[in-house]
Amino acid sequence: MDNNDQKFEQNIANEIMIEPRDDMPMAYRKTLIRQIGQHAHSEVVGMLPEGNWITRAPTLKRKAVLMAKVQDEAGHGLYLYSAAETLGADRDDMMDKLIAGRMKYSSIFNYPTLSWADVAAIGWLVDGAAIVNQVALCRTSYGPYARAMVRICKEESFHQRQGFEAMMVMAQGSPEQKQMAQDAVNRYWWPALMMFGPSDDHSPNSAQSMAWKIKRFSNDELRQKFVDNTVPQVLHLGLEVPDPDLKFNQDTGHYEYGEVNWQELNEVIAGRGPCNHERIEARRKAWEGGKWVRDAAAIYAKKQQALQQSKVA
Ligand code: FAQ
C-alpha cells in the first residue's frame, strides 16, 4: 500500500469525506461512477411512468403537484450526473451507455402505470423506498454524492407525503376507488421491495462498498427498514399487504415477510421487464431530439467564455 492508499484508508476509517481532488483507488472511483451513474439514470428514467399521467391527472391541483414532482426528479438526475462528472465520468458517454443497455437504472421504472392509483403508489411506495436508501447515502463517503443526497432527500420527503395523501383520498373514497388503491398496492409492493437489490448473499458489490462506506447498510437491512416503516401505513389506509407470509415478530420488533421473486428482479434487470424497451426508446428519442439544444448551449457557453477572456485581456 503506497502513501496515497494509506491516506485514503485513514480518511475512510476516520469518517473524513473523500473529495474530487483527493487521491482514491481506481476501483473506488469506478464503483462510485457505476452507482452514481445508475442512480442518475434512475431519476431520469423515473420521470417516465409518472410523466405519462400529467395530461390525465384527475384535478388541476394533482396535475400541478405531479408536474412539480416530475421536474424535481429531472433535477435529481442533474445533481447526480454532476456528481459523477466530478469523478471524471463523461455525461454523453453515460447516456450512450444507458441507451445501448450497457448501464443500468432501477428495476422499478420498468413497470407500467395502469391507473391514477399507480401514480399515488409510486409517490408513496417508490419514493418511500428511495428515501430509506438515500437517507443512508447522505453519509456516504464521497462528498459530492453525500451532499447531493441531502438535498434530494428533502424533496423526496415531499414526494412521499403527496403520494401517501393521494392514496389516502382514494382509500377513503368509493368502493371502486378503494379497489383501485388496493390494486396499485398489489402491483407495486413487491417491485418496491426489489428496489433494494438482491439479497445480501447474492449482492456482489456490497462487501467492498460497505468497507469503503459508500453503502452504510446492506440491501436486506434497508429492505427490512422499508417494510417496518411501510406496513403500518398500509394498515392505516385500511388496505392489505399482498404477502400471505407477512407477520410481526414480537421478539425482534420487525415484520417478517415472504420470499421476494428474485427471478423477476433478475429478468427486469436483464432488460426483460414489462416496459424496459419502451423506457429506453423514450430516453433515446429525448437524447437525440435534444441534441440541437445541447449544441446551441455549448456554442453559447464558448462565446461567453471568449467574451470574458477578451474583457480580462
Ligand atoms: N434495479 O451488488 P448489488 C428513485 C444491480 S431512485 C436495477 O447489490 P449495489 C427516485 C446492481 O446495480 C432509485 N439494478 O449492487 C425516484 C448491480 O449491477 P452491476 C434508484 C439493480 O450497487 C422515485 C447488480 O444488480 N436508487 O427511485 C437493482 O451494491 C420516483 C448487483 O447488485 C439508487 O440507485 C435494481 N433494483 O447495490 C425517481 C440508489 N438492484 O452494476 C422517480 C443508489 C441491484 O454490478 C420517481 N444505489 N441492481 O452491473 C444503491 O444504493 C445501490 O446501487 C443498490 C444496489 C442498492 C441499488
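Biologist: Is K291 buried, partly exposed or exposed?
Modeller: This is a predicted model, in which local features need pLDDT of at least 70 and side-chain atom pairs count only at pLDDT 80 or more, whereas totals for chains, interfaces and linings use all residues. Residues are numbered from 1 along each chain as its sequence is written, and side-chain values use heavy atoms, with hydrogens and water left out. Buried means under 20% relative accessible area, exposed over 50% and partly exposed in between, with a 1.4 Å probe and protein chains only. K291 has a relative accessibility of 45%, and therefore counts as partly exposed.

Biologist: Which residue meets K291 in a salt bridge?
Modeller: A salt bridge requires a side-chain nitrogen of Lys or Arg within 4 Å of a carboxyl oxygen of Asp or Glu, and the N to O distance for this pair is 2.7 Å. The partner is partly exposed, at 34% relative accessible area. Both residues lie in helix α13 (291-312; helices are DSSP runs of H or I with at least four residues, strands runs of E with at least two, numbered from the N terminus), and four residues, about one turn of the helix, separate K291 from D295.

Biologist: Which residues do salt bridges with shared partners join into one network?
Modeller: A search of the whole structure finds 17 salt bridges. Where such bridges share partners, one network results, made up of E50, K69, E73 and D127.

Biologist: How many residues apart are the salt-bridge partners K213 and E15?
Modeller: The side chains of K213 and E15 meet at 2.9 Å, N to O. K213 sits in the loop between α9 (206-211) and α10 (219-236) and E15 in the loop between α1 (3-13) and α2, so that in a pair linking distant parts of the chain the number of residues apart is 198.

Biologist: How many residues apart are R147 and E19?
Modeller: R147 and E19 form a salt bridge with an N to O distance of 2.8 Å. R147 lies in helix α7 and E19 in the loop between α1 and α2, so this pair also links distant parts of the chain, and the number of residues apart is 128.

Biologist: How many disulfides does a search of the whole structure find?
Modeller: A disulfide is a covalent bond between the sulfur atoms of two cysteines, identified here as a pair of cysteine sulfur atoms within 2.5 Å. For C138, the nearest cysteine sulfur is that of C153, 3.9 Å away, and C138 is in no disulfide. C153 is buried, with a relative accessible area of 8%. For the whole structure, the number of disulfides found is zero.

Biologist: How much of the ligand's exposed area does the protein bury?
Modeller: Residues of the shell have a heavy atom within 4 Å of the ligand; 34 residues surround the ligand, and the closest are Q38, K104, S203, K215 and N219. A polar side-chain atom of R34 lies 2.9 Å from an oxygen atom of the ligand, and a polar side-chain atom of N219 lies 2.8 Å from an oxygen atom of the ligand. Taken alone, and by the Shrake-Rupley method with a 1.4 Å probe, the ligand exposes 1,100 Å², of which the protein buries 90%.

Biologist: Which helices each supply at least two residues of the shell around the ligand?
Modeller: By class, the shell has twelve nonpolar, 13 polar and nine charged residues, where Ala, Val, Leu, Ile, Met, Phe, Trp, Tyr, Cys and Pro count as nonpolar, Asp, Glu, Lys and Arg as charged, and the others, Gly among them, as polar. The helices that each supply at least two of the shell residues are α2 (26-45), α4 (60-85), α6 (116-137) and α7 (143-171).

Conventions
A polar contact is a pair of N or O atoms within 3.5 Å; within protein, one must be able to donate a hydrogen and the other to accept it, and residues adjacent in sequence count only if both atoms are side-chain atoms.
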